[in-house]
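Thank you all for coming; please have the sequence and the 3D view open while I talk. I will go slowly, and I will try to say at each step what we are looking at.

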Amino acid sequence: MKKFLLALFILPLLLSFALESFHPAVSEVTHPHTTAASEMENIHTETVEYRQGNTILEGYLAYNHKLDKPSPGVMIVHAWKGLGEYEKRRARQLAEMGYVAFAADIYGKGIRPQSNEEAGKQAGIYRSNRPLLRDRANAGLQVLQQHPLVEDDKITAIGYCFGGGTVLELARSGAPVAGVVSFHGNLDTPNPADAKNIQGKVLVLHGANDPLVPPAQVQAFVQEMRDAEVDWHMTMYGNAVHSFTEPEAGDDPSKGTAYNAKADRRSWQAMQDFFKEIFEMPASNS
């Protein structure tokens with residue numbers, strides 16, 4: 001009887017202890033580009049004024065303030081509405097990965113189109129004047145080249161939509177970049193023979209259903225790269241249209257522009273693998 005009573009007393013204590021000690025595993029689901037707040041605290045950001053000719057430009061610089069030696073640099077070129085929070089967020093993401101990132105300004109300080117009509121007019125200025133577009137892109141590149149934390153022989157450029165076409169023009173200008181990455185950018189150029197000036201590698205990340213960059217333009221680009229014997233490759237994402245990396249583009253592909261989470265995640269990883277090849281840095285899932 002005593003043993004039975006003792007068991008009745010001890011059993012609840014053991015059960016209570018077991019329950020308190022048990023901590024079930026929690027699976028945390030995050031956006032593919034979400035970063036811990038503690039990492040963000042290490043990122044230094046600043047607005048940078050610079051010039052191209054007589055035009056004042058205003059870019060955005062981001063890097064880890066704990067960097068104690070020069071690191072590769074990445075220039076980001078904005079879509080057709082100009083430098084905004086989207087490109088700044090990308091710059092911070094790249095800084096979290098160990099790069100010195102600079103979001104360049106093609107349009108000029110204070111010129112930030114608010115409507116598609118205004119954006120079309122601004123983008124048209126530079127698409128119809130490729131030498132000016134190249135000069136603006138090279139001005140941004142110089143900001144990185146001159147920064148003390150950047151290895152000036154290890155610089156790449158990435159761009160979105162209008163910016164994707166811009167970084168391709170930067171490469172065609174003969175700029176000393178190790179590589180360029182175009183995310184759903186336009187691929188056309190008035191002077192395909194300029195591809196012979198490309199010094200680095202080229203990566204094009206393209207929505208297979210993009211109506212704004214039709215198959216004929218894609219084929220012309222492929223021929224351009226072949227003729228110039230560029231080290232290039234292109235990845236097409238099924239069911240993706242224009243602006244597939246931009247959540248602000250909405251979710252209706254029938255409009256020609258829409259966000260595609262899979263293509264966004266896969267293209268970001270493709271960029272990281274591309275950088276790893278160029279810089280011999282480990283890829284990150286940030």
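If we take the contacts in the chain with a separation of 6 or more, 67% of them are accounted for by residues 24 or more positions apart. Please keep in mind throughout that this is a predicted model, and that every value I give is computed from it. The chain has 286 residues, of which 49% count as buried, and its secondary structure comes to 8 helices and 8 strands.

Let me begin with the sheet. Strands of a sheet pair through backbone hydrogen bonds, and they may do so in a parallel or an antiparallel way. Here we have an open sheet of 8 strands with mixed pairing, and if you follow the strands across it, the order is β1-β2-β4-β3-β5-β6-β7-β8. Which strands form the edges? They are β1, residues 43-52, and β8, residues 232-237, each of which pairs on one side only. Going from one strand to the next, the twist averages 20°.

At the β1 edge, I would like you to look at how β1 meets its partner. β1 and β2, the latter covering residues 55-64, pair in the antiparallel sense over 10 bridges. Two of the residue pairs can be picked out by name: E46 has L61 of β2 as its bridge partner, while V48 has G59 of β2 as its partner. The two strands form a hairpin with 2 residues between them, and in that turn G53 has a positive phi of about 65°.

Now let us turn to what lies over these strands. Helix α5, residues 130-145, lies across β1, β2, β3, β4 and β5, and it runs at about 135° to β1.

Helix α5 also packs against another helix, and two packed helices are described by the angle between their axes and the distance between the axes. For α5 and α6, where α6 covers residues 162-172, the angle is about 85° and the axes are 9 Å apart. Angles from 65 to 115 degrees count as roughly perpendicular, and α5 and α6 are therefore roughly perpendicular to each other. On the α5 side, the contact is made by R130, L133, R134, A137, N138 and L141, and on the α6 side by F162, T166, E169, L170 and R172. Sorted by class, the residues of this contact divide into 5 nonpolar, 2 polar and 4 charged.

Just before α6, in the loop between β5 and α6, we find C161. Its phi is near 55°, which is a positive value in a residue other than glycine. Is C161 buried or exposed? At 9% relative accessibility, C161 counts as buried.

A second residue of this kind makes a useful comparison. E229 is not a glycine, yet it has a positive phi of about 55°, and its place is in the loop between α7, residues 215-228, and β8. E229, however, is exposed, with a relative accessible area of 72%.

F162 of α6 also lets us look across a stretch of the sequence. The C-alpha atoms of G120 and F162 are separated by 10.0 Å, although these residues are 42 residues apart along the chain. G120 lies in helix α4, residues 116-127, and it is partly exposed, with a relative accessible area of 31%.

Let me move to a second pair of helices, α3, residues 85-96, and α8, residues 261-279, whose axes come within 13 Å and cross at roughly 45°. These two helices are therefore oblique to each other, and their crossing is right-handed. Which residues make the contact? From α3 they are R90, Q93 and L94, and from α8 they are D264, W268, M271 and F275. By class, this contact has 4 nonpolar, 1 polar and 2 charged residues.

F275 leads us back to the sheet, and to the last residue I want to show you, which is T156 in strand β5. T156 is buried, with a relative accessible area of 0%. Leaving aside residues up to four places away in sequence, T156 touches G73, V74, M75, A178, G179, F275, I278 and F279. I suggest that you find T156 in your own view and trace these residues around it, including F275, one by one.

Notes
Residues are numbered from 1 along each chain as its sequence is written. This is a predicted model: local features need pLDDT of at least 70, side-chain atom pairs count only at pLDDT 80 or more; totals for chains, interfaces and linings use all residues. Side-chain values use heavy atoms; hydrogens and water are left out. Axes are lines fitted to C-alpha atoms, for helices over the stretch in contact, and angles run from 0 to 180 degrees between N-to-C directions. Helices (H or I, at least four residues) and strands (E, at least two) are DSSP runs, numbered from the N terminus. Angles under 35 degrees count as roughly parallel, over 145 as roughly antiparallel, 65 to 115 as roughly perpendicular and the rest as oblique. A crossing is left-handed if the near helix is turned anticlockwise from the far one by less than a right angle, and right-handed if clockwise. Contact means heavy atoms within 4.5 Å. Ala, Val, Leu, Ile, Met, Phe, Trp, Tyr, Cys and Pro count as nonpolar, Asp, Glu, Lys and Arg as charged, and the others, Gly among them, as polar. Two strands pair if DSSP finds at least two bridges between them. Buried means under 20% relative accessible area, exposed over 50%, partly exposed in between (1.4 Å probe, protein chains only).
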